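Visitor: I would like to learn how to read the helices, strands and backbone angles of a model. Please show me the structure first.

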Amino acid sequence: MPGMTSLGWTLVAAITAAALLALTIAFLPQRSVPITLACPLQIEERAQHPGMVWVPAGAIEMGSDVYPEETRRNANVAGFWMDRTEVTNADFAAFVRATNYVTVAERPGKKGAAVFVMPSGDANLSSVAAWWRYVEGANWRHPGGPDTSIEGRENFPVVAVTLEDAAAYAKWKGRRLPTEAEWERAARAGAAQLPEREQPKDANTWQGVFPIIDTAEDGFTGIAPVGCFKPNAFGVHDMIGNVWELTADTFESHAPAAHVIKGGSFLCAPNYCLRYRPAARQPQEDGLGTSHIGFRTVLEAPGPN
Ligand SMILES: [Ca+2]
């Protein structure tokens, strides 16, 4: 086009790029995924501690170069037993029935939890506020808010619990939360080398353009029931993806006080958050439950007979 100024070309390029993005979004497959409410776990034979697997003692090289907070460091951990899945709604309900425990989000003055809400395509996506909402009435019984329920979702990981809630559950079971090093030892499962940036296949993560298109090629939008993906070499399921998991370690120099969470969640996507790796770590505010964080417990006891 003769006479076209550089500003004109820039405009044409910007309009073309916007049109291409809109087309991409319009034609990405929005799969309708059948809802899976439970996945069968392998039968445990002569289980010493039912529902738990032994993680042997070992030295680990923790961390990676992917994000700055994942500083490389070495650690040694003693052997321990670990839940082979994340703690489920059924597990947590049993605890609440037995103890009448009231979670932080259900107490007077604390009225909710943070909930992921998929924004519309025209939302301003420059801030996480576009997809995270503090929802009054959200708690472990109503993880998406008061109109939602865990009925039929007994095999899903419990979410919208805080560190205090998770620690109370663990104590009731005679256990505790894992340290970050224990958690990372269990997630690495003795592998010398792991892919640094590749999206894992055996985990519930996000495929498509986060936060607006989840194509669910892994079979799940949102949280999956526990144990739907094959276990790692130590026999633990879903260390990576599904829900982030609380640990006993404080996150350094963080205000308000926070603890380390590990493993990434169903929201981790290549275009936004490569935290579907054992080295990944994030701070989680101690008093806040969210819809993508759960936990599992560990037991200090002699190893397999
Ligand atoms: Ca998924």
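Guide: What follows goes through helices, a sheet and some backbone angles in turn. The model is predicted, so local features are given only at pLDDT of at least 70 and side-chain atom pairs only at pLDDT 80 or more, while totals for chains, interfaces and linings use all residues. Residues are numbered from 1 along each chain, as its sequence is written.

Visitor: Which residues of helix α3 are buried?

Guide: Two terms come first. Helices are DSSP runs of H or I with at least four residues, strands are runs of E with at least two, and both are numbered from the N terminus. A residue is buried if 20 or more other C-beta atoms lie within 10 Å of its own, exposed if 12 or fewer, and partly exposed in between, with C-beta atoms placed from the backbone. In α3, residues 163-172, the buried ones are L163, D165, A166, Y169 and A170.

Visitor: Why do the buried residues of α3 line one face of the helix?

Guide: In general, an α-helix has 3.6 residues a turn, so residues three or four places apart point the same way. In α3, the buried residues fall within an arc of 165° when seen down the axis, so they line one face. The arc is taken over the directions from the helix axis to the C-beta atoms.

Visitor: What do the buried residues of α3 pack against?

Guide: Packing is read from contacts, where two residues touch if their C-beta atoms, placed from the backbone, lie within 7 Å. For the buried residues of α3, the partners are α2 (89-99), β7 (244-250) and β8 (258-262). From the other side, the buried residues of α2 pack against α3.

Visitor: Which residues of α2 are buried, then?

Guide: They are N89, D91 and F92. Down the axis of α2 these fall within an arc of 160°, so they too line one face of the helix. The face turned away from the buried side carries R97 and A98, which are exposed.

Visitor: How many residues of helix α4 are buried?

Guide: Seven of the nine residues in α4 (180-188) are buried, and the helix is mostly covered. The buried set is E182, W183, E184, R185, A186, A187 and R188.

Visitor: What happens to phi just after these helices?

Guide: The general rule is that most residues other than glycine have a negative phi, and most peptide bonds are trans. Just after α3, G174 has a positive phi of about 75°. N100, just after α2, has a positive phi of about 60°. A189 follows α4, with a positive phi near 50°.

Visitor: Where are R46 and S253 placed, and are they buried or exposed?

Guide: R46 is in the loop between α1 (6-27) and β1 (52-55). Its phi is near 45°, a positive value in a residue other than glycine. R46 counts as exposed because it has 6 C-beta neighbours inside 10 Å. S253 sits in the loop between β7 and β8, and the phi of S253 is also positive, near 45°. With 7 other C-beta atoms within 10 Å, S253 is exposed. The β7-β8 loop also holds E252, which counts as exposed with 10 C-beta neighbours inside 10 Å.

Visitor: Which peptide bonds are cis?

Guide: One joins F210 and P211, with omega about 0°. P211 lies in the loop between α4 and β7. Another runs from A255 to P256, with omega near -5°, and P256 lies in the loop between β7 and β8.

Visitor: What is the order of the strands in the open sheet of three strands?

Guide: Strands pair if DSSP finds at least two bridges between them. The order here is β1-β4-β11, with antiparallel pairing. β1 and β11 (298-299) stand at the edges with a single partner strand each, so one side of each has no neighbour in the sheet.

Visitor: How many bridges join β1 to β4?

Guide: Four bridges join β1 to β4 (80-83). Among the partners, M52 is matched with D83, and V53 with M82. On the β11 side, two bridges join β4 to its antiparallel partner, and W81 is bridged to L299.

Visitor: Which way do the residues of β4 point?

Guide: F80 and M82 point one way from β4, W81 and D83 point the other way, and all are buried.
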